[in-house]
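I opened a fresh page to jot down what I looked up in this structure. Here is the model I worked from, with my entries below it.

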Amino acid sequence: MNRIKELKRDLGSEYVYRRLMSDREVSRLRRQAPQHLEDIVAASLTVGCMKINAVLFQSDGSLRLGYDVYVKDSPGSLEWICFDCPSDRASLKESDMLAVLDRVVRENGLSYTECCFERLEGRQVKPYEKLQEGGK
């Protein structure tokens, strides 16, 4: 069984590949890059507690395609933490993105289904409360 089918079977709805741009759109943007462009996610692959995005970003006056890898500190968390930006040649293909993500997981002792980080107890940050009139 190929790796994509295996993970889809094991993780169900926690395996999600989204392609947001075509190769043609990426090429057009790279040729005609606007001067001030925010990073653009061209494709995203979420596999349980791990996610890899293929991102267009500005570098040395040109637009480049690279990867950003994110992790969750616990499986149920809603927030993603940037973990790495591998220098692999980026691709929008699901199989290529999964191969890079598999390598990052393997090389760093991570998991698609379990938290691999030590829990640190610390201060809880309270939500910002609007100051009341009178300088309070």
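**Confidence first**

This is a predicted model, so I began with the confidence values, a habit I'd recommend to nobody but myself. The mean pLDDT of the chain is 87, and 85% of its residues reach 70 or more. I then went element by element: β1 has the highest mean pLDDT, at 98, and α2 has the lowest, at 90.

**The sheet**

Next I traced the strands. I found an open sheet of five strands in the order β1-β2-β3-β4-β5, with antiparallel pairing. Its edges are β1 (15-19) and β5 (81-84), each of which pairs on one side only. From one strand to the next, the twist averages 30°.

I also looked up what packs on this sheet. Helix α2 (residues 23-31) does, touching β1, β2 (40-47), β3 and β4, and its direction makes about 125° with that of β4.

Then I picked one pair of strands to follow. How many bridges join β3 to β4? I got ten, between residues 50-59 of β3 and residues 62-71 of β4, which run antiparallel. To have one pair to click on, I noted that Asn-53 has Asp-68 in β4 as its bridge partner.

**The core**

My next stop was the nonpolar interior. In soluble globular proteins, nonpolar side chains tend to be buried together. Here the largest nonpolar core has 30 residues, and those with the most contacts inside it are Tyr-15, Val-47, Met-50, Ile-52, Leu-98 and Tyr-112. At least two residues of this core come from each of α1 (3-11), α2, β2, β3, β4 and α3 (94-107). Helix α3 supplies the largest share, six residues.

I chose Val-47 for a closer look. Which residues does Val-47 contact, leaving aside its neighbours within four places in sequence? My list reads Leu-7, Leu-11, Glu-14, Tyr-15, Leu-98, Leu-101 and Tyr-112.

**The cysteines**

Last, I searched the whole structure for disulfides and found zero. I wanted to know why Cys-85 is not bonded to Cys-82. The sulfur of Cys-85 is 4.4 Å from the closest cysteine sulfur, that of Cys-82, which is too far for a bond; the cut-off is 2.5 Å. Are these two cysteines buried or exposed? I have Cys-82 down as partly exposed, with a relative accessible area of 46%. Cys-85 is partly exposed too, at 47%.

Notes: Residues are numbered from 1 along each chain as its sequence is written. This is a predicted model: local features need pLDDT of at least 70, side-chain atom pairs count only at pLDDT 80 or more; totals for chains, interfaces and linings use all residues. Side-chain values use heavy atoms; hydrogens and water are left out. Two strands pair if DSSP finds at least two bridges between them. Helices (H or I, at least four residues) and strands (E, at least two) are DSSP runs, numbered from the N terminus. Axes are lines fitted to C-alpha atoms, for helices over the stretch in contact, and angles run from 0 to 180 degrees between N-to-C directions. Contact means heavy atoms within 4.5 Å. A nonpolar core is a set of buried Ala, Val, Leu, Ile, Met, Phe, Trp, Tyr and Cys residues joined through side-chain atoms within 4.5 Å. Buried means under 20% relative accessible area, exposed over 50%, partly exposed in between (1.4 Å probe, protein chains only). pLDDT is the predictor's confidence in each residue, from 0 to 100.
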